[in-house]
Amino acid sequence: MKTILGIDPGYGRCGWGVIRAQGSQCRLIDYGCIETHKSEELPQRLAIIHQKLTEIIAKHQPTDIAIEELFFSRNVTTALSVCHARGIIMLCAVHHCGQIFQYKPNQVKVATTGSGTADKTQMQEMVKRILGLDFIPKPDDAADAIAVAITHAACSR
C-alpha cells in the first residue's frame, strides 16, 4: 500500500492531495491548498509553502510524492515565480521522501480521463468517480493535485 502526496505547484495557491493506493484501488485521505497572500514578498511566500508542506508531509508520512510539471505559454514573470515555488517543493519532497516523481499535464489528463485533450471539468469529474466521492474536491488546485496523485498510482503499479 502506498500513501501518495500529489502536488499542483504554485506560489499563490499550491494544491495538494493525499491518497492511499493499493493495486487499482485509490482512497482519498486529505487535500487542501497552501495559499500565500499577494502582499507578501516572494521569499516570504516560499517560506510559507515550505513550512506548510513540511507539516503536511509530517502529518501524512507519504511513501511517494508526485508533482505536476509546469506548462507556461506566455507570462514569463509568473513562470519564474512558480519555478521558485516548484524548486522549494521539490527540495522539501526529496528531503523528506528521498525522491520525487514528475508528470506532465498531458500525462495527468490521460491517466485520469483516458484523453490528453480533456478539460479541467472532465478531469475533476473523473477524480470524483475514481475515488468514489459524492463531490468534486475544491478548490480546483486541490483537485488537480489529487489527479497528480492518481496518475502516480496508475503509473507505479
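## Strands and a hairpin

Two strands count as paired here if DSSP finds at least two bridges between them. In this predicted model, β2 and β3 clear that bar and form a hairpin with 2 residues between them. One residue to look at in the turn is G23, which has a positive phi of about 60°.

The two arms of the hairpin are β2, covering residues 13-22, and β3, covering residues 25-35. They run antiparallel and are joined over 10 bridges. If you want to trace the pairing by eye, start with Q22, whose bridge partner in β3 is Q25. Another pair to find is G15 and C33, with C33 sitting in β3.

## The sheet as a whole

Zoom out and the hairpin turns out to be part of an open sheet of 5 strands, ordered β3-β2-β1-β4-β5, with mixed pairing. Which strands stand at the edges? They are β3 and β5 (101-103), and each has a single partner strand, so one side of each is left without a neighbour in the sheet. On average, neighbouring strands are turned by 20° against each other, ignoring direction.

Helix α5 (residues 140-155) packs on this sheet and touches β1 (2-8), β2, β3, β4 (64-68) and β5. The direction of α5 makes about 35° with that of β2.

## Helix α2

Helix α2 spans residues 76-97, which is 22 residues. From its first C-alpha to its last it reaches 30 Å, close to the 32 Å expected at 1.5 Å a residue. Its buried residues are A79, S81, V82, A85, R86, I89, C92 and A93. Looking down the axis of α2, these fall within an arc of 165°, so they line one face of the helix.

What do the buried residues of α2 pack against? Their partners are β1, β2, α1, β4 and β5. Flip to the face turned away from that buried side and you'll find the exposed residues V76, T77, L80, L91 and H95. Just after α2 comes G98, with a positive phi of about 90°.

## Helix α4

Helix α4 has 12 residues and reaches 17 Å between its first and last C-alpha, close to the 16 Å expected at 1.5 Å a residue. M123, Q124, V127 and L131 are its buried residues. They cover an arc of only 100° around the axis, which puts them on the same side of α4. That buried set packs against β2, β3, α3 (105-113) and α5. On the other side of α4, T121 and R129 are exposed.

Both ends of α4 are worth a look. D119 caps the N-terminal end, with a side-chain oxygen 3.2 Å from the backbone nitrogen of T121. After the helix comes G132, whose phi is positive, near 65°.

## Two loops to check

The loop between α4 (120-131) and α5 holds P139. The peptide bond leading into P139 from K138 is cis, with omega near 0°.

The other spot is Q61, in the loop between α1 (42-60) and β4. Q61 is not a glycine, yet its phi is positive, at about 45°. Is Q61 buried or exposed? The cut-off for exposed is over 50% relative accessible area, and at 55% relative accessibility Q61 counts as exposed.

Definitions and conventions: Residues numbered from 1 in each chain as written. Predicted model: local features only at pLDDT ≥ 70, side-chain atom pairs only at ≥ 80, totals over all residues. Heavy atoms only, no water. Helix = DSSP H or I, 4+ residues; strand = E, 2+ residues; numbered from the N terminus. Axes fitted to C-alpha atoms, helices over the stretch in contact; angles between N-to-C directions. Contact = heavy atoms within 4.5 Å. Buried < 20%, exposed > 50% of the residue type's maximum accessible area, 1.4 Å probe, protein only. Expected span 1.5 Å × (residues − 1). Arc of directions from axis to C-beta. Polar contact = N/O pair within 3.5 Å; in protein donor to acceptor, adjacent residues only side chain to side chain.
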